[in-house]
Amino acid sequence: PGGKRRAGGRAEQSDQCLTNDALRAVQALMRGDLEPASPFGAAVHCNRRAAPAAQRVTDTIGEAAGHFKRQLRADPLNGGRRTAGSLGRLMKQGDYVQRGQVCSADPSLVDLPRVATKLDTSAYLAGRHLRVNDGPDAVPLSSIDTAVVGMHWDPRLKPGSRGLLELCGRMWDAGMLEALPGEGIGPGVSLFTVHKKYVDSVEHQRLVFDMRRCNLLFRPPPRATIGSLSTMAQLDVPAEADLSAFALDVPDYFYRLRVSDPRLQRLFHVAGLSPADLAAYLRDRGDAASADRLLQCGAGGCLVMACVPMGWSWAPWLAQLVLEDIVSDALPDAPRLEHARPPPALVTIAVMVYIDDVIGLVRGSRRATKRALALVRARLLNRGLDSHKEQIASGSECLVGLGATVDLGRREVRPQAAKLCLLLDATEQLLDAGSASPKEVQVVVGHWTHFLLLQRPMFCVLDAVYEFERRQPEMVPDGQRC
């Protein structure tokens with residue numbers, strides 16, 4: 001019992017210290033300064049009673065600090081203990097492989113979902129996209145120097161390689177490729193892979209399309225009205241309101257979208273591989289029917305993407321617009337939570353659409369939330385799409401989406417604890433070291449950027465850090481820490 005009391009006292013003292021430091025930070029920001037009036041971590045000796053308004057602020061921050069500390073102690077990073085490799089994990093050092101890290105391609109390990117039907121998105125483009133041979137301001141293809149940007153091939157997927165044949169054979173089986181008569185336009189698409197996950201100790205890889213040169217042939221896409229967790233966090237919801245929520249994700253979303261305009265498709269040709277080459281490979285594999293279909297395009301045909309390739313500059317805008325239309329059709333009275341726009345009044349329901357994710361907040365019962373989720377799911381299925389990772393929360397429950405936790409009981413949108421704890425631990429290691437390279441600071445700040453998007457005004461504290469990151473390479477010798 002005595003030990004428990006001492007541990008509890010230390011925990012309470014830690015919570016109070018964090019509360020005081022949070023108050024120092026708020027006061028400094030209100031003054032437009034980065035330095036608090038008293039040093040961070042200093043003890044506080046208060047000889048007077050705070051005004052009621054100030055006490056309410058202190059209590060609110062203290063409650064949030066205590067809740068945050070309990071999260072750190074509860075589960076991530078071995079119960080809150082320091083983990084020596086956190087900074088290395090962020091920097092992708094050693095044997096740790098992070099999701100999204102470029103890896104050596106293995107065609108047999110690439111996740112390629114088989115999608116039977118695709119939603120044609122050609123109507124959304126309406127001829128606004130091309131710079132070449134399209135409209136009064138069009139320019140000839142020969143006048144665009146696509147060599148000003150790079151084009152990355154995985155060594156195992158270069159033109160003429162066996163790996164490219166194997167991968168494109170699998171892409172053909174998955175319905176991702178088709179053959180068109182005539183030559184491809186422009187530099188085409190190159191391929192490489194990144195790490196996705198491990199399942200039963202077997203690596204799964206994600207296919208990436210390098211579209212940088214191809215994108216030079218397109219006009220800049222319109223600005224998308226993308227969903228925002230920051231706007232969701234600003235919603236004014238009365239404490240007594242009955243609040244529930246749902247979330248879903250559209251699986252294999254980009255693989256389920258296509259454009260049927262042959263002129264556009266020819267820009268998405270697979271560089272370095274012809275229909276005849278793939279047909280010969282498939283015939284040797286015993287798939288004569290597919291080989292015959294490929295050869296129907298005639299001599300000199302091109303192998304093109306049958307889906308919207310991720311990496312195309314217009315793909316995020318197109319995906320966002322399609323899903324917004326589907327959700328609006330399902331929930332016509334639901335205002336959207338969008339970036340850089342004031343949050344709407346939560347009368348009955350509000351939704352956030354972010355590329356392939358949907359989160360809905362419902363001022364009502366769990367039954368009403370299930371009904372709203374069912375309507376969105378039905379419209380997706382009607383358009384040839386699907387939904388998975390469905391969640392429903394009500395009362396004091398939480399749901400998780402886009403790296404954040406939506407806590408209905410506390411009326412909070414906050415970072416996922418495990419991810420934030422890793423970043424906090426890496427940041428402490430960086431500070432304890434006393435020196436850092438601009439690259440290390442850049443990686444850590446890049447991860448902080450994701451979380452600061454929940455409260456964009458917090459970016460003001462990073463001005464000096466950004467200045468350090470922008471130092472020219474010649475100012476910092478290779479490998480040197482400052």
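Residues 1–7 hold a pLDDT under 50 throughout, and across this segment the model places 0 contacts beyond four places in sequence. The structure is a predicted model, and a second segment also calls for some care on reading: over residues 75–82 the pLDDT again stays under 50. Here, however, the model has 17 contacts beyond four places in sequence. For the protein chain as a whole, the average pLDDT is 83, with 83% of the residues scoring at least 70.

With that in mind, the overall architecture can be described. The protein chain contains 16 helices and 14 strands. Of its 482 residues, 44% are buried. The accessible surface of the protein chain amounts to about 24900 Å², and carbon and sulfur atoms account for 53% of that area. Contacts reach across the sequence: when residues at least 6 apart are considered, 76% of the contacts join residues at least 24 apart.

A helpful place to look within this architecture is strand E10, which spans residues 357–363. Since 6 of its 7 residues are buried, strand E10 is largely enclosed by the rest of the structure. Two pairings involving this strand stand out for description. Strand E6, residues 243–249, runs antiparallel to E10 and is joined to it by 7 bridges; within this pairing, Ser 244 lies opposite Val 362 of E10. Strand E9, covering residues 349–354, also pairs with E10 in the antiparallel sense, here over 6 bridges. In this case Val 351 is found opposite Gly 360 of E10. The connection between E9 and E10 is a hairpin with 2 residues between the strands. Ile 355 sits in that turn and has a positive phi of about 60 degrees, a backbone detail that readers may like to inspect in the model.

Further along the chain there is an open sheet of 3 strands, arranged in the order E12-E13-E14 with antiparallel pairing. Its edges are formed by strand E12 (398–401) and strand E14 (412–415), each of which pairs on one side only. From one strand to the next, the twist averages 25 degrees. Within this sheet, E12 is linked to strand E13, residues 404–407, through 4 bridges, and the two run antiparallel. One of the residue pairs in this arrangement brings together Val 400 and its bridge partner in E13, Thr 405.

Definitions and conventions: Residues are numbered from 1 along each chain as its sequence is written. This is a predicted model: local features need pLDDT of at least 70, side-chain atom pairs count only at pLDDT 80 or more; totals for chains, interfaces and linings use all residues. Side-chain values use heavy atoms; hydrogens and water are left out. Buried means under 20% relative accessible area, exposed over 50%, partly exposed in between (1.4 Å probe, protein chains only). Two strands pair if DSSP finds at least two bridges between them. Contact means heavy atoms within 4.5 Å. Accessible areas come from the Shrake-Rupley method with a 1.4 Å probe; for residues, only the protein chains shown count as cover. pLDDT is the predictor's confidence in each residue, from 0 to 100. Axes are lines fitted to C-alpha atoms, for helices over the stretch in contact, and angles run from 0 to 180 degrees between N-to-C directions.
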